[in-house]
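Take a guided walk through this structure. We will start with a buried residue, then follow salt bridges and a helix packing.

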Amino acid sequence: MASRIALQQQNKGEVVVPGAIKQKKNMAVEGRNRKVLGDIGNLATGRVVEGKPIPQVSHPITRSFCAPLLANNAQAAAENHKKCVVVNVKGANVAKVPVGKKPAQKKVSVKPNPEDIIVISPDTHEKLMEKKMQRKKKAAEDISKKKSTLTSTLTARSKAACGLSKKPKEQIVDIDAADVNNELAVLEYVEDIYSFYKLAENETRVHDYIDSQPELSEKMRAILIDWLIEVHHKFELNPETLYLTINIVDRYLAVESTSRRELQLVGISSMLIASKYEEIWAPEVNDFVGISDKTYTHDQVLTMEKQILGQLEWYLTVPTPYVFLARFIKASIPDPEMENMVYFLAELGLMNYATIMYCPSMIAASAVYAARNTLNRTPFWNGTLKLHTGFSESRIMDCARLLVSYHTEAATHKLKVIYKKYSSSEKGAVALLSPAKSLLAASSSSC
């Protein structure tokens, strides 16, 4: 009977879950259940007489047991009926489906509308595949970076053993920080000024001229420079005046043949010109006549002055070693001892003709390097000095060794003006210090 009811409801387009009609089934078969109970001995024993009705027997235990069951079944059926969800799909049957339970009938497939279908184009597919490959490649690179191969490990150890491992970047000192509020330091133009000096020193550089002078020699020039340094010291002139004087002498001798007798006259006339250019209170002509023991007259000095200016075309603004020394000493962050040692070595270089082969900036840089070696100021050369001088340590090594050799010979040399000047307490007695023999030893070992 229950199967017929389900079949009829299916034909009407309605699917009924068996659990939803549980209450009706219990009520329909309630009478038959009692007959079945008779099989288990609940009825009174005795024979049934045909044609007579069966006497009603009281079954208090059975009724009290079944009543709660029926009530519970009815309540459960009502709750299930409330939880049923009606699913209505176009072209499909209507079914009441309990929440959380699957219907007994076969699943109904719902075809989506063509408008709701998203089609992936081939280009989009290729882009997705490309992104996927890029992610895989990046992941592989990350893994390879993290892995340290045996070869790279051995290479790193070899470099560390040989001292070739990467060193921390050297800090560059701002040497102009203390002069921020000093308007005379012209910090806005200082780098441009020294860039110009670097270019100008090559234009005014003196070439080797001693062979073109028939009556002069390197020794005679050294005697003249030694005497001019003494005159400069007695007149208490600025150091700029001394370096410009020697520059004027060399530039004039490089273009004009001079006799031995006029060499001293060229020297005092050059100092007169430099004094007028650099000093506030320049010495007078008669002062130079007197200092030369009246070897030359007043007119001779003025005539030579005019002749020198004519040969040099009045071009006196030239970069001498002093303008570079002022900057390079500052980059070395010196103390008074360091500063005196640099000037001592630089003046030794001025006196000796062999240093004429080097440009003024290299002489200044070499004097700083040789002084740092002499005073054992480590490091001997650093990034700050390399930046401001423009020279590496290897480029200035030869000139620095030459200056140290002059320091070694200064105590026994016949020309002692520079040695005595820097042996005084006023100059820190730096000439009495031991020269940097380590540079000379390195030079002999390389030979």
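A residue counts as buried when its relative accessible area is under 20%, and as exposed when that area is over 50%; in between, the residue is partly exposed. Keep in mind that this is a predicted model.

Start with E305. Its relative accessible area is 9%, so E305 is buried. Its side chain forms a salt bridge with the side chain of K276, at 2.8 Å from N to O. The two residues come from distant parts of the chain, 29 residues apart. K276 belongs to helix α10, residues 263–278. E305 belongs to helix α12, residues 298–311. Is K276 buried or partly exposed? K276 has a relative accessibility of 48%, so K276 is partly exposed.

Now move to R377. Which side chains does R377 meet in salt bridges? One is that of D335, at 2.7 Å from N to O. This pair also spans distant parts of the chain, with the two positions 42 residues apart. R377 sits in the loop between α15 and α16, and D335 in the loop between α13 and α14. The side chain of R377 also meets that of E337, at 3.2 Å from N to O. E337 lies in helix α14, so this salt bridge ties the loop of R377 to a part 40 residues apart in sequence. R377 has a relative accessibility of 23%, so R377 is partly exposed. D335 is partly exposed at 28%, and E337 is partly exposed at 34%.

Salt bridges can also join into a network. D176, D179, E191, R327 and K330 are linked in this way. The count for the structure comes to 11 salt bridges.

Next, look at two helices that pack together. Helix α13 covers residues 321–331. Its axis and that of α15 are 8 Å apart, at an angle of about 40°. The two helices are therefore oblique to each other. Their crossing is right-handed. On the α13 side, P321, F324, L325, F328 and I329 make the contact. On the α15 side, the partners are P360, S361, A364, A365, A367 and V368. What kinds of residues make up this contact of α13 with α15? They divide into 10 nonpolar, one polar and no charged.

Finish further along α15, which runs over residues 360–374. N373 is part of this helix. With a relative accessible area of 8%, N373 is buried. Leaving aside residues up to four places away in sequence, N373 touches F380, A436, S438 and L439.

Conventions: Residues numbered from 1 in each chain as written. Predicted model: local features only at pLDDT ≥ 70, side-chain atom pairs only at ≥ 80, totals over all residues. Heavy atoms only, no water. Helix = DSSP H or I, 4+ residues; strand = E, 2+ residues; numbered from the N terminus. Buried < 20%, exposed > 50% of the residue type's maximum accessible area, 1.4 Å probe, protein only. Contact = heavy atoms within 4.5 Å. Axes fitted to C-alpha atoms, helices over the stretch in contact; angles between N-to-C directions. Parallel < 35°, antiparallel > 145°, perpendicular 65-115°, else oblique. Left-handed = near helix turned anticlockwise from the far one by under 90°. Nonpolar A, V, L, I, M, F, W, Y, C, P; charged D, E, K, R; others polar. Salt bridge = Lys/Arg side-chain N within 4 Å of Asp/Glu carboxyl O.
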